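Welcome, and thanks for taking a look at this one with us. Below is a short tour of the fold, starting with a pair of rings and working outwards.

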Amino acid sequence: LHGASAVFTVKDSNGTACIMANFSAAFLTNYNTKSGSKNVSFDLPSNAEVLNSSSCGKENVSDPTLMIAFRRRHTLTLNFTRNATRYSVQMMSFVYDLSDTQIFPDASSKEIETVESMTDIMADINKKYRCVSSNQIHMNNVTVTFHDATIQAYLSNNSFSKEETRCEQDQPSPTTPPNTPNTCLLYTSDAA
């Protein structure tokens, strides 16, 4: 069962969209309680919202960033970067508040934790990243699983591109060629 997917859009000061993302995400987190460590999983809620601290980035100075907040205490951040031909989510970070007792009952700490990781989310410039399969990003003691993700940064016309770069997880698995026996021809010469 996956949480509802939502569309998250980051716009510049002119109201032009530079990042669009549509996905559902589930979080699996390990945290400490007084009686030992505990695993908890929760979904990105459909009412999660894009923070004002998201940005389209400044040309050659900073890269675009999508920051999504939920339950007022937790933020998922996707930092994008690009080269001449591709763009990627170079770094993903998740900040979560252990004092949120609904998600983290009996947490022995009330700290705010931050985890981050590089990702394999990338696509060609002017194409959307598309991944129907589950894509897991492991960040220390947190695993974020994206489902049915469409993400595009550096938008050229205010909406998702019609062209897409599919994720590795969606590619058909390579088929092994049929096993053909090696044929060896042996020539003998009787010329003496």
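Let us begin with Phe104, which counts as buried at 0% relative accessibility. Keep in mind that this is a predicted model. The ring of Phe104 has a partner in Tyr96: the centres are 5.6 Å apart and the planes meet at 35°, so the pair is tilted. Tyr96 is buried as well, with a relative accessible area of 1%.

That pair belongs to a wider set. The whole structure holds 13 aromatic pairs. Another of them joins Phe42 and Phe94, a tilted pair with 6.4 Å from centre to centre and 40° between the planes. Phe42 sits in strand 3 (residues 36-43) and Phe94 in strand 7 (residues 86-97), so this pair ties together parts of the chain that lie 52 residues apart in sequence. Which residues do ring pairs link into a cluster? They are Phe27, Tyr31, Phe42, Phe70, Phe94, Tyr96 and Phe104.

Here are the relative accessible areas for four members of that cluster:

| Residue | Relative accessible area | Class |
|---|---|---|
| Phe42 | 9% | buried |
| Phe94 | 0% | buried |
| Tyr96 | 1% | buried |
| Phe104 | 0% | buried |

The cut-off helps in reading the table: a residue is called buried when its relative accessible area is under 20%, so Phe42, at 9%, falls in that class.

Next comes the nonpolar interior. The largest nonpolar core contains 46 residues, and Phe23, Phe80, Phe94 and Phe146 have the most contacts inside it. Strand 2 (residues 17-33) contributes the most to this core, with seven residues. Phe94 thus appears both in the ring cluster and among these best-connected core residues.

What does Phe80 touch, leaving aside its neighbours within four places in sequence? Its contacts are Ile19, Asp63, Pro64, Leu66, Tyr87, Ser88, Val89, Gln90, Ile151, Ala153 and Tyr154. Tyr154 has a charged companion too: Arg82 lies over the face of its ring, at 4.8 Å from the ring centre.

Finally, the overall picture. The chain has 13 strands and zero helices, so from the N terminus on, every element in the run is a β strand. Of the 192 residues in the chain, 41% are buried. Among contacts between residues at least 6 apart in sequence, 54% join residues at least 24 apart. On the outside, the chain exposes about 11,600 Å², with carbon and sulfur atoms supplying 47% of that area.

How values were computed. Residues are numbered from 1 along each chain as its sequence is written. This is a predicted model: local features need pLDDT of at least 70, side-chain atom pairs count only at pLDDT 80 or more; totals for chains, interfaces and linings use all residues. Side-chain values use heavy atoms; hydrogens and water are left out. Helices (H or I, at least four residues) and strands (E, at least two) are DSSP runs, numbered from the N terminus. Buried means under 20% relative accessible area, exposed over 50%, partly exposed in between (1.4 Å probe, protein chains only). Contact means heavy atoms within 4.5 Å. Accessible areas come from the Shrake-Rupley method with a 1.4 Å probe; for residues, only the protein chains shown count as cover. Rings of Phe, Tyr and Trp (its six-membered ring) pair if their centres lie within 6.5 Å; planes under 30 degrees apart count as stacked, over 60 as edge-to-face and the rest as tilted. A charge sits over a ring if NZ of Lys or CZ of Arg is within 6 Å of the ring centre and within 35 degrees of the ring normal. A nonpolar core is a set of buried Ala, Val, Leu, Ile, Met, Phe, Trp, Tyr and Cys residues joined through side-chain atoms within 4.5 Å.
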